[in-house]
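Good morning, colleagues. I would like to take you through one model this morning, beginning with a pair of helices and ending at a contact between chains. Please have the structure open as I speak.

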Amino acid sequence: MNASTRCFALLGLLVAASVHAADTPDAALLQRGQYLATAGDCVACHTAAGGKPYAGGLTVPTPIGNIISTNITPSTTAGIGSYTEPQFSDALRKGLRADGAHLYPAMPYTSYAQLTGDDVHALYAYFMHEVAPVDSKAAPTRLPFPFNLRLSMAAWNLLFLDSKPFTPDPAKGAAWNRGAYLVRGLAHCSTCHTPRNLLMAEQSSRELAGGAVGTWLAPNITSDANSGIGGWSEQELVDYLKLGHARGKAQAAGPMAEAVDHSLQYLEPADLRAIATYLKTVPAQHEPADTQAVDSWGAAFDGVADQRGTPLPDDAEQWSGAQLYDAHCASCHQPSGEGSFDGGLPPLFHNTATGRADTGNLVLVILEGIRWTNDSGVHMPGFAGDLSDRQIATLASYLTQRYGNPAAKVGVEQVRMLRAGGAPSHLVALARWAMVVAVMLILALIVLRRRRKRRRTSSGQV
Amino acid sequence: MSEQLSADIVVIGSGIIGALAARRLAQQGASVLILEAGPRLERARVVAAFRNSPIKGNWMAPYPPSPWAPHPIYAPKDNGYLKQAGPYPYPAEYIRAVGGTTWHWAAQAWRLVPNDVRIKSLYGVGVDWPLSYEELDPWYQEAEEILGVAGADDTGSPRQHPFPMAPVAEPWSMRRFRERLAPTYAVVANTVARNSRSYDGRPACVGNNSCQPICPVNAQYLGINAVEAAEAAGAKVVPNAVVYRIEHDARGRIAAVHYYAPDKSEHRVTGKQFILAANGIESPKLLLLSASDTYPNGLANRSGMVGRHLMDHPSTSLSFYADEELWLGRGPQSPSSINTLRDGAFRSRHAPYRLDFTNISQVLNVTNDLIKEGVYGAEFEKQLRWRAARQVNVKNVLEVLPNPDNRITLSAEKDAMGIPKPEAHYAIDDYTRRAAEVSKADFARIAELMGGTGLRYSADGQFANNQHITGTMSMGNDPASSVVDAFGRTHDHENLFICSTGVMPTAATMNSTLTGVALALRTAEHILPAKQLRTTTAHSDREASLA
Amino acid sequence: MALDEPDSVAANRDDPADPSRRRLLAGLLTAYTASLIPWALAQPAPHADRGAFTALSAILVGRQALDAAQAGRLYDALAAAHPNFPADVQALLTLINERHIDPLQLQATLDGEHSPLAPLPRSIVGAWALGVVGSGEGARCVAYETALNAVIVADVLKPPTYAYGAYGSWTVKPNI
């Protein structure tokens with residue numbers, strides 16, 4: 001083959017490639033949209049257990065009542081098939097439905113508001129062309145008064161929605177900016193990890209300082225060395241997000257396990273690293289109870305050796321922590337809590353599960369276990385059916401005492417409440433009571449803002 | 001007589017077979033009552049009992065018998081429950097408890113090979129089954145999907161659909177056997193009800209190496225999983241209900257069963273259909289116990305075949321030291337075997353067999369040997385590591401032909417409840433002994449290929465029992481020579497069915513549980529056909545587990 | 001696990017050169033026996049019987065370090081199971097000492113002489129190695145995970161019922 005024919009052949013290839021691209025002009029776009037949808041973990045809320053992807057119907061318990069996720073497949077009758085791209089964008093970034101009604105902020109539109117127009121475009125293309133339409137509607141959400149008034153969200157948005165897309169910080173590197181964009185936006189970490197105020201809005205001054213997801217604690221992931229992830233290397237953070245665990249640090253459980261399972265494990269390595277880069281710079285929020293790093297407590301301890309030769313009491317309610325540990329935990333975590341050779345079955349010391357002053361997640365892991373839906377084999381059984389409240393309190397206290405933060409206690413009542421789905425929320429009653437105050441506050445704020453605006457406009461004329 | 005219980009279906013025995021028949025019938029909407037002689041057990045207590053046991057090599061030790069429902073115990077001392085009439089002992093081990101004997105099985109869930117059901121026609125020995133392998137295939141599949149069976153395709157048992165999951169990851173030791181025995185022998189992954197991935201809410205195996213006596217993490221399917229599934233489907237379980245009599249009416253239909261509670265109070269349970277699923281020893285015992293004026297030889301026994309054709313899989317074995325460190329004990333206990341000797345023209349002359357490699361940690365045996373030999377001082381530790389790293393074992397699993405003289409009868413001795421104990425009459429014939437002799441050449445060749453030293457063959461004429469209780473209530477088309485028909489219905493009583501490995505007319509060379517389950521599912525379908533779209537409950541379970 | 005390294009279980013780490021310790025066993029041992037016993041294992045004076053037990057144990061199982069708590073549990077169980085245990089221990093230690101018996105020849109020697117002490121080494125090694133004291137129906141488990149037969153191979157194997165590791169971790173060659 002001489003040079004000119006080679007050129008010709010190359011040209012032919014290029015032409016062929018471009019023709020192919022023209023046939024499916026959106027292939028790359030659709031792929032990006034799919035990636036972004038995965039990063040946004042849309043499927044987590046918009047798919048019911050055993051249901052069709054994105055067809056909605058999942059009940060999301062919130063302190064103000066159960067919110068039922070909607071069908072976001074491109075069905076024109078039951079989903080978002082008739083949405084225009086601007087309507088789609090408004091839903092995503094402003095919490096506005098096509099019919100003008102407001103979404104509840106269980107939909108993390110306050111995070112998605114950060115999305116760039118390009119990414120919204122890719123997501124729109126993906127949802128419209130790649131997701132299979134499902135023509136069945138999920139049950140409507142019915143919240144108690146006053147939250148059933150969707151209009152109230154307009155006032156809420158006025159207060160709490162910052163609808164400006166993400167603007168990169170030129171002083172920071174590309175990785176940091178990418179990380180910030182993902183953390184604050186699509187990955188909507190703050191939705192769970194940032195504490196909320198009385199009106200359920202994220203407290204932006206305490207970004208990622210720890211929040212609640214149902215009964216689970218979404219821990220502090222600021223750069224604080226004791227309370228947060230300040231002591232973690234970037235690689236450990238990447239491992240955690242990719243694998244659901246970082247050796248000698250922590251395991252993802254509950255909703256975080258779902259986030260890793262559905263979403264984070266599929267992110268590109270560069271994106272995970274970017275997230276880690278950004279998280280390491282989030283302003284530290286320290287909790288006084290954490291007198292040392294929550295992943296640094298404890299050491300190997302063998303409470304099992306003393307049990308040999310002593311038959312278990314007939315009444316299992318009377319079993320000691322060591323006896324419960326022997327019977328239920330030691331098979332995987334080993335007699336001294338050291339985990340397996342490969343670390344695949346984690347040690348219980350140097351583990352946030354036992355080192356955190358708030359023992360709620362420890363109790364929940366014992367109750368519910370950790371179970372991934374994929375074939376990773378990551379699977380700790382739940383013991384809700386095997387152990388009573390008292391047994392779990394005894395066992396969990398043994399774990400914090402021997403392997404974790406000895407100041408962290410677990411009570412029978414705490415277990416009972418977590419088993420029952422958490423403390424009853426007073427938020428509805430509180431909200432009703434506070435409504436008058438809130439409305440007045442909102443009005444006052446509106447007035448204030450207008451005045452300020454007027455003042456700014458007038459000063460601008462000078 | 002206290003409060004009367006009643007149900008559409010009354011199942012006697014809550015082992016894996018009875019419970020899965022119960023589950024399937026309950027799923028079809030029948031009211032199902034399961035009567036279990038033994039108590040309910042908790043996995044955690046069994047685990048703790050094993051760790052506290054002074055005889056860890058004895059897998060019955062964590063399962064002490066209850067006074068009202070004794071089962072055989074041989075160590076530290078024979079409790080004398082299963083009487084031995086000889087000439088060869090049949091020291092069966094089984095567990096009378098909710099969930100039954102699979103509490104401590106190794107989860108080997110083999111299918112037959114197709115020729116196993118035609119050995120009379122093909123080889124002129126034993127009997128033919130009243131059904132074909134092809135008829136069994138879908139029931140095997142359903143059983144495998146319920147149990148969550150992991151297996152390889154090259155074990156000699158054809159299949160229409162894939163296994164629910166890939167073979168369990170091969171331990172290093174077994175890999176070395178496979179590599180070093182090839183091409184002389186093909187070492188393949190065993191077919192096991194052990195998870196190679198999360199399945200049906202249960203985790204993948206994490207290599208506790210205590211499949212027997214107890215899987216601490218619920219990675220292998222046990223009878224208790226079947227019981228819980230039956231209960232979830234609506235079946236009710238009555239533990240500590242020691243059935244001592246099955247009552248028939250004037251037409252020969254079963255009207256009720258009678259049980260003792262531990263306080264010996266008597267209870268009567270009525271039903272429309274009855275399933276006897278109390279294993280291959282307790283079931284014939286109960287049929288014989290239920291003799292009446294109309295049926296003086298016991299129920300379902302007009303053929304006189306109840307209790308006869310008792311079989312097992314006797315084993316001989318070879319232990320030796322391999323010339324490299326293999327460290328048995330990493331991963332599950334029974335990972336691999338050789339399956340090429342399970343069928344062939346030789347079956348007209350001697351028994352077929354499987355060759356099974358253990359991956360059970362050798363530390364306990366080696367320690368006992370060292371203490372016995374008086375190896376003390378620095379040499380103790382050195383030898384312990386050397387031997388534990390290199391000691392391996394291969395055993396055969398031999399077929400036994402059905403022989404009416406091998407049988408379970410009622411002993412003159414009675415248990416604490418006043419119920420006659422079972423008595424075993426057993427012998428091992430030349431057909432089986434010849435195969436043991438033949439397999440010694442395989443043992444020697446395997447040892448040679450592994451660079452083996454210190455070869456220790458099990459004593460000539462000594463066979464280990466494998467607890468695969470088969471025969472005793474054989475199925476067949478001829479009511480004169482069999483107890484149940486091809487669907488498990490007793491020839492003599494229209495509404496009495498038997499679900500048990502005891503209905504297997506021959507023992508073949510595979511652990512019998514999966515075949516027992518498959519036959520029981522087929523029996524359940526025969527009693528109450530699955531409604532449309534419900535035939536694939538196992539498939540929907542699988543989908544749920546994948547979702 | 002390298003054989004010459006001390007065991008991971010905590011040993012009684014008193015100063016081996018402690019003169020009071022030497023004095024304690026001086027009447028009992030010659031240089032031969034002493035060479036087999038790590039001095040760290042000798043016990044304070046009020047527990048001379050236990051000290052002799054630990055010394056004999058060290059000879060029999062050939063370990064440089066033995067866990068003190070385990071020694072206490074085993075001694076208590078053995079003493080409860082054998083009426084003359086402390087005296088027999090002293091007697092056997094004296095015998096080994098006087099006749100310079102190689103531990104590897106000990107059992108054969110005792111068996112050959114039909115010594116009444118013949119069952120003792122097996123009881124003691126069985127207790128340390130298997131964690132089992134007594135025999136037959138009187139047998140009792142006093143240790144499992146910390147029995148020497150678990151400890152000696154702890155770098156390669158977990159005792160049965162304890163997970164080896166995450167699924168499939170057993171497929172690779174043992175890393176010795």
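Let us start with two helices of chain B: α1, residues 16-27, and α6, residues 223-232, whose axes come within 8 Å and cross at roughly 20°. I should say at once that this is a predicted model. Angles under 35 degrees count as roughly parallel, and α1(B) and α6(B) are therefore roughly parallel to each other. The crossing of α1(B) and α6(B) is left-handed.

Which residues bring α1(B) and α6(B) together? From α1(B) the contact takes in Ile16(B), Ala19(B), Leu20(B), Ala22(B), Arg23(B) and Ala26(B). Facing them in α6(B) are Gly223(B), Ala226(B), Val227(B), Ala229(B) and Ala230(B). In the contact of α1(B) with α6(B), nine residues are nonpolar, one is polar and one is charged.

I turn next to a sheet in chain B. Three strands make up this open sheet, ordered β3-β14-β13, and their pairing is mixed. At the edges are β3(B), residues 83-87, and β13(B), residues 407-414, each of which pairs on one side only. From one strand to the next, the twist averages 30°. Strand β14(B), residues 420-426, pairs with β3(B) in the parallel sense over four bridges. To locate this pairing on your screens, take Lys83(B), whose bridge partner in β14(B) is Glu423(B).

A helix accompanies this sheet. Helix α7(B), residues 279-289, lies across β13(B) and β14(B), and runs at about 65° to β13(B).

Let me now step back to chain B as a whole. Chain B contains 12 helices and 16 strands. Its radius of gyration is 23 Å, close to the 24 Å that the globule rule gives for 547 residues, so chain B is as compact as a globular protein of that length. The C-alpha trace of chain B spans about 70 × 50 × 45 Å along its principal axes.

Finally, the contact with chain C. Here 45 residues of chain C are in contact with 42 residues of chain B. On the side of chain C that touches chain B, the elements giving two or more residues are α3 (48-61), α6 (103-112), α7 (119-130) and β2 (140-141) of chain C. Which of these elements gives the most? That is α7(C), with six residues. This side of chain C divides into 30 nonpolar, 10 polar and five charged residues.

Thank you for your attention.

Notes. Residues are numbered from 1 along each chain as its sequence is written. Chains are lettered from A and ligands numbered from 1 in the order in which they are written. This is a predicted model: local features need pLDDT of at least 70, side-chain atom pairs count only at pLDDT 80 or more; totals for chains, interfaces and linings use all residues. Two strands pair if DSSP finds at least two bridges between them. Axes are lines fitted to C-alpha atoms, for helices over the stretch in contact, and angles run from 0 to 180 degrees between N-to-C directions. Two residues are in contact if their C-beta atoms, placed from the backbone, lie within 7 Å. Angles under 35 degrees count as roughly parallel, over 145 as roughly antiparallel, 65 to 115 as roughly perpendicular and the rest as oblique. A crossing is left-handed if the near helix is turned anticlockwise from the far one by less than a right angle, and right-handed if clockwise. Ala, Val, Leu, Ile, Met, Phe, Trp, Tyr, Cys and Pro count as nonpolar, Asp, Glu, Lys and Arg as charged, and the others, Gly among them, as polar. The radius of gyration is taken over C-alpha atoms; the globule rule is 2.2 Å times the number of residues to the power 0.38.
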